[in-house]
Amino acid sequence: MSEQTKVPQFCVVPGSTVHEVLDGRQTEVIDLVEAAYRLHGEGHTVNPPSYFLRFPDRPTARIIALPASIGGGRPVDGIKWISSFPSNLDHGIPRASAVLILNDPATGYPYACLESSIISAVRTAASAAVAARALGENRPASGRVGYLGTGLIARHVHSYLAALGRAPREYAVYDRSTEYAHSFADHLRTTKDGTPVYVLDSAEELVRSSDVIVCATTAATPHLLERSWFAHHPLVLHVSLRDLGTDVILDSFNVVDDVEHVLKAGTSVHLAEQRTGGRDFLDGTLYDVLTGALKAPADRTVVFSPFGLGVLDLTVGEHVHARAQEGGRLRPVDGFFHDLDRHSAPRSEGVR
């Protein structure tokens, strides 16, 4: 077996290592994710449609497969397998859990399994930061950033937006759970000394009073339905994808990560497509904004709806694996690949 076709060693990267590698490196990850968006826009990726595994007996639950391949200087293939079980929250455990498999482009052999709930949250937060940086260039500085939904994703988004160095005058928070809202507000107070944080009584109050709105809920259907709430033309980072009513979408300047991916699964923009029978309400992609081909207006509500691309998970996951390898923190699984000689049968099984 030549060096070029050597089977890679299979390793496991636990969540503790993922956290250690990514903690405090928000700016680095934001740049990685922006580079992945550029590679995707330039056609150096393969990103098939996500596959949703649903359960008739558990209608709120799903497990999603995101296969992908990314080229460039550090190519990698792989798949993210991420579950969303909202009922977990009733039992005091996180809604989402995930693994990421990285495959060697030369042999196809998987060489790593990474705990990926952190990677998924980080790449989501970094994509929101990339969008905020690009879409905010021609807009006034933010007076108030409002967080609608206060779970793990909101916490990561806040960390990555803060890394941009564009601190607002104040923060606002709303969650259907008052307990979650106050807990998140306390978290914001510990991360930004002196910046006021307000817990509001309604989603309407938050929307009307915020210049930048982070939608990070678990909503399955639109609940922000009134166009008048958005009359001040905020920037909406629509991370959770299903919060905005069709009238709001059609009245906004809409930017997505990938047109074909986001127009599915009952997202707000998918519902808008179903109502109008077309896609004219979509103004372009984040890649268009990054390359200067598209500029967000200051006098309209701007909505960024990212469906989430598997190539972003691969980019962050490959980075984590490389850093963990450099630091000697990989956990190899010796003998994971058995019977690597295609001309001989395993001794325990005999000749077939």
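Student: What is the relative accessible area of Val12?

Tutor: Before the value, a word on the source. This is a predicted model, where local features need pLDDT of at least 70, side-chain atom pairs count only at pLDDT 80 or more, and totals for chains, interfaces and linings use all residues. Residues are numbered from 1 along each chain as its sequence is written, and side-chain values use heavy atoms, with hydrogens and water left out. Now to the idea: a residue is buried under 20% relative accessible area, exposed over 50%, and partly exposed in between (1.4 Å probe, protein chains only). Val12 has a relative accessible area of 30%, which means that this residue is partly exposed.

Student: Where in the secondary structure does Val12 lie?

Tutor: Helices (H or I, at least four residues) and strands (E, at least two) are DSSP runs, numbered from the N terminus. Val12 belongs to strand 1, residues 11–13. Across the protein, there are eleven helices and 16 strands.

Student: How does the radius of gyration of the protein compare with the globule rule?

Tutor: The radius is taken over C-alpha atoms, and the rule is 2.2 Å times the number of residues to the power 0.38. Here the radius of gyration is 21 Å, close to the 20 Å that the rule gives for 352 residues, so the protein is as compact as a globular protein of that length. You can also picture its C-alpha trace as spanning about 75 × 45 × 45 Å along the principal axes.

Student: What share of the residues is buried, and how much surface does the protein expose?

Tutor: Buried residues account for 50% of the 352 in the protein. For the surface, areas come from the Shrake-Rupley method with a 1.4 Å probe, and for residues only the protein chains shown count as cover. About 16700 Å² is exposed, and carbon and sulfur atoms supply 50% of that area.

Student: What share of the contacts joins residues 24 or more positions apart?

Tutor: A contact means heavy atoms within 4.5 Å. Of the contacts in the protein with a separation of 6 or more, 69% are between residues 24 or more positions apart. Thr45 gives you a pair to look at: its C-alpha atom is 5.5 Å from that of Ser69, which is 24 residues away along the chain.

Student: Which residues does Thr45 touch?

Tutor: Setting aside residues up to four places away in sequence, Thr45 touches Leu39, His40, Ser69, Ile70 and Val311. Thr45 sits in strand 2, residues 45–46. With 15% relative accessibility, Thr45 counts as buried. There is also a polar contact to find, meaning a pair of N or O atoms within 3.5 Å; within protein, one must be able to donate a hydrogen and the other to accept it, and residues adjacent in sequence count only if both atoms are side-chain atoms. The side chains of Thr45 and His40 make such a contact, at 2.6 Å.

Student: Which backbone oxygen lies 2.9 Å from a polar atom of the side chain of Asn103?

Tutor: That oxygen belongs to Gly108. Asn103 is part of strand 6, residues 96–103, and its 18% relative accessibility makes it buried. Beyond its neighbours within four places in sequence, Asn103 is in contact with several residues, including Val76, Asp77, Tyr109 and Pro110.

Student: How many salt bridges are there in the whole structure?

Tutor: A salt bridge is a side-chain nitrogen of Lys or Arg within 4 Å of a carboxyl oxygen of Asp or Glu. The whole structure has 16 of them. One joins the side chains of Glu34 and Arg38, 3.1 Å from N to O. Both residues lie in helix 2 (residues 26–41), four residues apart, about one turn of the helix. Glu34 is buried at 16% relative accessibility, whereas Arg38, at 29%, is partly exposed.

Student: Where in the chain are the partners Glu318 and Arg74?

Tutor: Glu318 and Arg74 form a salt bridge with their closest N and O atoms 3.1 Å apart. This pair links distant parts of the chain, 244 residues apart: Glu318 is in helix 11 (residues 310–326), and Arg74 is in the loop between strand 4 (58–70) and strand 5 (76–84). Glu318 is buried, at 16% relative accessible area, while Arg74 is partly exposed, at 45%.

Student: How far apart along helix 5 are Asp186 and Arg189?

Tutor: They are three residues apart, about one turn of helix 5 (residues 178–191). Their side chains meet in a salt bridge of 3.0 Å, N to O. Asp186 is partly exposed at 42%, and Arg189 is partly exposed at 38%.
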